[in-house]
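Let's take a walk through this structure together. Keep the picture open beside you and look up each piece as we get to it.

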Amino acid sequence: MGGVELLQFALAGLKNGAIYALVALGFTIVYASTGVINFAQGEFYMLGGMLSVWAYADLGLPLPLAAVVGVMTTAVVGAVFELLAIRPRKDGNPLALIIITVGGSMVLSSSARHLFGPLERALPSFSGTGTVSILGAALEIQSIWILGLTALAVASLWYLYNRTSLGRAMRACAVDRNAARLVGIDTRRVVTVSFLLAAALGALAGLAVTPLTQTAFNVGPSVGIKGFAAAILGGLGNPIAAVAGGLVLGMLESMSIAFISSTYKDAIALIVLLSVLFWRPQGLFGRSGREKV
Amino acid sequence: MRERIDMRLVVAAVLGLTVVAAVAGLPFFTSERYILRVFTFAGVNVIIITGMALLFGYAGQVSLGHAAFFGVGAYASAFVVTQLGWPWIGGVIVAIVLTATGGLLLALPSLRLKGHYLAMATLAFGEIMRVVFTEARTVTGGPDGLSGIPYPSLGPLAFDSASASYWLVWAVAGITLLLAANLVRSRAGRAMRALHGSELGATACGIDITGIKVRVFVISASFAGLAGALYAHVVGFISPSTFSLHVSVLLVAMAVLGGTSSLLGPVIAAVLLTLIPFSDAVIPGLSRSALETIQEWQEDIYGLTIIAVMIFMPGGIGGLLRRIGTGRSAER
């Protein structure tokens, strides 16, 4: 295999990895504040694409405005889901909450089908359909958008976590929820904000990818599983690790297509997920020992 | 006091016998294939749910991959019967052995860890098997599936009519329920209830909680495999969509609605939720459009059921039955 071809696969891996990173960030943020795996995370990805298409094609809004409407509406859906379905279960039993998010996932995808129909829907590229050449390999302009938006999201998240009092409250909750409550942090608000942020990040990924792959009401679960595999691969609860896990997973998938075959490409993420669960449940970048063993 | 207990036993015995008679007698009341078919599906789901009830309601674990065990059982049995010419009972044994082994390999590493790693591992397992069912064409027939799978038969006895398959499935369901009821009343069953109450407390009493959870998971996986070996031959056709994540989630909905520490509750839930898309089988004169509306909204019904049960009645139908049975709030 030539160097250009390899670079081509690497670029594709980077693009997919950025998407997985955004979805993984959503998993990790909710996990940090609640200890719960949010099975509805993939549905936020689906809603981001579907709502943007709806705002653009059905409401006739200009594309940038439609994108903002899509992401913000999904964020609100995430917060409302937390208020209506997660918060009422007062004991916070993780198994119960996980099961609730499984139910939520069904309701969200089914609602999208009722509202927007069962067909695949598309969005135009953000700025032209051309490609740029990098050392001979072609990269779609939309992929540059994906990478840029992911970088922007990670930077904003870094700012939120390190420079704002809300971010510090979220970090405190991730370390110890009861201690956070004792020092006067409104932990319930932190949980709602976590779902809002997770939904927005998932929606951003779904929005950015729709011009390349189209979207439909049922795309959520498969992307959700890959994002979850990325989050586990990095180490659940740590945002930087989630991004790293996403990029590593994207690369692994791409390289497996390059060197093995594309038949089982969807199984790579799952095999990674199982392997990490079995041999290194704290993830590649997580510290071992804490509360898990 | 004594008298009250005796009365309850009598009521329970009469109710139980009536239900068994009604289940066994259904083919005498209706000869309509469609109705028998629907209730045969319900019986298959009852077999899977009996295992899920042990896992969720007693051992406090949830599996998001049981449809995959169901599928492994179905494909394994169909393969050895149609390709290798084995008798059906051989297919059943292969299905059970394969799913029990798979369950063991999956449960051992994931149950050593605290938390809900089993849910994640089963989810990944289910999705991997979906890829395998679709791609391993020589064994599974790919996306088109396998057809022409022969009816179940035991020696000269062939279950080749709608009522015969109905009886076979429900007889097997009855046996799995009896096995599960025995298990629940045994020492292992008491240990399971103890660990549902408090894992720490159970460990302190010398209960090997990991060992018990692993065993329960293996049992539930093999029940799903057994159900698969019945389903493939009763229906005669299998394809990957029958064993998707969607079906796993539906099974979780049945287990959750059925409730904790109960076998009867999950059985009722399995039958109820199986009937939803086939409401016309139980409601005579249901209009075509009403049925279509129900089918259109069934996902929402399942999803909202899961959420509502977890928030408003975490004990599910089982908890409800206990409350009626004891006349006071059901506490352990």
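Before anything else, remember that this is a predicted model. A good place to start is a hairpin in chain A, where strand E1 (residues 131–134) pairs with strand E2 (residues 137–140). The two run in the antiparallel sense, and 4 bridges link them. To see one of those links, find A:Ser133 and look across to E2(A), where A:Ala138 is its bridge partner. Between the strands sit 2 residues, and in this hairpin A:Leu135 takes a positive phi near 50°.

Now for the helices of chain A. Helix H1 (residues 3–34) packs against helix H8 (residues 187–213), with the axes 8 Å apart and an angle of about 170°. How do they run relative to each other? An angle over 145 degrees counts as roughly antiparallel, so that is the label for H1(A) and H8(A). On the H1(A) side, the residues that meet H8(A) include A:Ile19, A:Leu22, A:Val23 and A:Gly26. On the H8(A) side, A:Phe195, A:Ala198, A:Leu201 and A:Gly202 are among them. Sort this contact by class and you get 15 nonpolar, 5 polar and no charged residues.

Let's zoom in on one residue, A:Val23, which lies in helix H1 of chain A. Is A:Val23 buried or exposed? It counts as buried because it has 31 C-beta neighbours inside 10 Å, and 20 or more is enough for that label. Setting aside its neighbours within four places in sequence, A:Val23 is in contact with A:Gln41, A:Tyr45, A:Gly202, A:Ala205, A:Val223, A:Gly224 and A:Gly227. The fold also brings in residues from elsewhere in the chain: A:Ile225 is 202 residues apart from A:Val23 in sequence, yet their C-alpha atoms are 9.4 Å apart in space.

Over in chain B, there's another helix pair to look at. The axes of helix H2 (residues 33–58) and helix H10 (residues 209–235) come within 8 Å and cross at roughly 175°. That angle makes H2(B) roughly antiparallel to H10(B). Among the residues making the contact are B:Val44, B:Ile48 and B:Leu55 of H2(B), along with B:Phe217, B:Phe223 and B:Leu230 of H10(B). By class, this contact of H2(B) with H10(B) has 17 nonpolar, 4 polar and no charged residues.

For a contrast with A:Val23, try B:Ile175, found in helix H7 (residues 162–185) of chain B. This residue is partly exposed, because 13 other C-beta atoms lie within 10 Å. B:Ile175 is 55 residues apart from B:Met120 in sequence, and their C-alpha atoms are 31 Å apart in space.

So where do the two chains meet? In total, 32 residues of chain B are in contact with 30 residues of chain A. On the chain B side, helices H4 (88–112), H5 (117–135), H11 (245–258) and H14 (298–312) each supply at least two residues. H5(B) gives the most, with 10 residues. The side of chain B that touches chain A has 22 nonpolar, 5 polar and 5 charged residues.

Finally, how confident is the predictor? Chain B averages a pLDDT of 88, and 96% of its residues score at least 70. Within chain B, confidence is lowest in helix H1 (residues 2–29), at a mean of 77, and highest in helix H3 (residues 66–82), at 96. The model scores ipTM 0.89 and pTM 0.91.

How values were computed:
Residues numbered from 1 in each chain as written. Chains lettered and ligands numbered in written order. Predicted model: local features only at pLDDT ≥ 70, side-chain atom pairs only at ≥ 80, totals over all residues. Pairing = 2+ DSSP bridges. Axes fitted to C-alpha atoms, helices over the stretch in contact; angles between N-to-C directions. Parallel < 35°, antiparallel > 145°, perpendicular 65-115°, else oblique. Contact = placed C-beta atoms within 7 Å. Nonpolar A, V, L, I, M, F, W, Y, C, P; charged D, E, K, R; others polar. Buried ≥ 20, exposed ≤ 12 C-beta atoms within 10 Å, placed from the backbone. pLDDT = per-residue confidence, 0-100.
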